[in-house]
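This briefing describes one protein chain for a first-year student. Please look at the sequence and the structure before reading the points that follow.

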Amino acid sequence: MRNIAIFAAILLLPLALAACGNNTSAADEEAKVKEAVAFLSTADGTPGIFVKGRDVVLNYASRPPTFADSARKAALDASKATGGKAIKVYVVDSPDVATAVPAAGQFYCSISADDGRMAGNNC
């Protein structure tokens, strides 16, 4: 009887581990986000781009009229690339590329996307 229980546990272990979630590492997610927002390097205003995890910071020396459209597209594309996970895009008025995600009050506006849809937008 004990052998049957052990055998059943061995068979069920892979199923239980698979149910625990996605095995995507943070580095893999960040790489997907970087790839999804790469189009921004040729967008109007050529923003500086900084990605940390699922946060994206766009630095504009001078924001073009279409900056919000580019930021929205970046948020949606990155969310889709990560399987619908939450993405936050920050827009910062600065000629220098960011080296960290800005704290509250240190950015012009932000856009959130979750599950491939807009979740918040104050741009």
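Two strands count as paired if DSSP finds at least two bridges between them. In this predicted model, strand 2 (residues 55-60) and strand 3 (residues 87-93) are joined by six bridges and run parallel. The protein chain contains three helices and five strands, and the points below take these elements by topic.

**Overall layout**

- Read from the N terminus, the elements of the protein chain follow the order α-α-β-β-α-β-β-β.
- The protein chain has 123 residues, of which 33% count as buried.
- If one takes the contacts in the protein chain between residues at least 6 apart in sequence, 56% of them join residues at least 24 apart.

**The sheet**

- Strands of a sheet pair through backbone hydrogen bonds, and the pairing is either parallel or antiparallel.
- Here five strands form an open sheet in the order 1-2-3-4-5, and the pairing is mixed.
- Strand 1 (48-52) and strand 5 (117-121) are the edge strands, each pairing on one side only.
- On average, neighbouring strands of this sheet are turned by 20° against each other, direction ignored.
- Two residue pairs show how strand 2 and strand 3 line up: aspartate 55 stands opposite lysine 88 in strand 3, and leucine 58 stands opposite valine 91 in strand 3.
- Strand 3 is largely enclosed by the rest of the structure, because five of its seven residues are buried.

**Helices against the sheet**

- Helix 2 (residues 26-36) lies across strand 1, strand 2 and strand 3, and runs at about 160° to strand 1.
- Helix 3 (residues 67-81) also packs on the sheet, where it touches strand 2, strand 3, strand 4 (109-114) and strand 5.
- The direction of helix 3 makes about 30° with that of strand 4.

**Helix against helix**

- Helix 2 and helix 3 pack with their axes 8 Å apart, at an angle of about 140°.
- Helix 2 is therefore oblique to helix 3, because an angle counts as roughly antiparallel over 145 degrees and as roughly perpendicular from 65 to 115.
- The crossing of helix 2 past helix 3 is right-handed.
- On the helix 2 side the contact is made by Lys32, Val33 and Ala36, and on the helix 3 side by Asp77, Ala78 and Ala81.
- Sorted by class, the contact of helix 2 with helix 3 has four nonpolar residues, two charged residues and no polar ones.

**Two buried residues of helix 3**

- Alanine 75 is part of helix 3. Its relative accessibility is 0%, so alanine 75 counts as buried, the limit being under 20%.
- Not counting residues up to four places away in sequence, alanine 75 touches Ile87, Val89, Ile111 and Ala113.
- Alanine 75 and tyrosine 90 are 15 residues apart in sequence, and their C-alpha atoms are 9.7 Å apart in space.
- Serine 70 also lies in helix 3. At 12% relative accessibility, serine 70 counts as buried.
- With residues up to four places away in sequence not counted, serine 70 touches Phe39, Leu40, Ala43 and Tyr60.

**Two exposed residues**

- Alanine 27 has its place in helix 2. Its relative accessibility is 55%, so alanine 27 counts as exposed, the limit being over 50%.
- Alanine 27 and glycine 53 are 26 residues apart in sequence, with a C-alpha to C-alpha distance of 7.3 Å in space.
- Alanine 119 has its place in strand 5, which is one of the edge strands of the sheet.
- Alanine 119 is exposed, with a relative accessible area of 56%.
- Leaving aside neighbours within four places in sequence, alanine 119 is in contact with Ser112, Ala113 and Asp114. Ala113 is also among the residues that alanine 75 touches.
- Alanine 119 and lysine 88 are 31 residues apart in sequence and 9.4 Å apart in space, C-alpha to C-alpha.

Notes. Residues are numbered from 1 along each chain as its sequence is written. This is a predicted model: local features need pLDDT of at least 70, side-chain atom pairs count only at pLDDT 80 or more; totals for chains, interfaces and linings use all residues. Side-chain values use heavy atoms; hydrogens and water are left out. Helices (H or I, at least four residues) and strands (E, at least two) are DSSP runs, numbered from the N terminus. Axes are lines fitted to C-alpha atoms, for helices over the stretch in contact, and angles run from 0 to 180 degrees between N-to-C directions. Contact means heavy atoms within 4.5 Å. Buried means under 20% relative accessible area, exposed over 50%, partly exposed in between (1.4 Å probe, protein chains only). Angles under 35 degrees count as roughly parallel, over 145 as roughly antiparallel, 65 to 115 as roughly perpendicular and the rest as oblique. A crossing is left-handed if the near helix is turned anticlockwise from the far one by less than a right angle, and right-handed if clockwise. Ala, Val, Leu, Ile, Met, Phe, Trp, Tyr, Cys and Pro count as nonpolar, Asp, Glu, Lys and Arg as charged, and the others, Gly among them, as polar.
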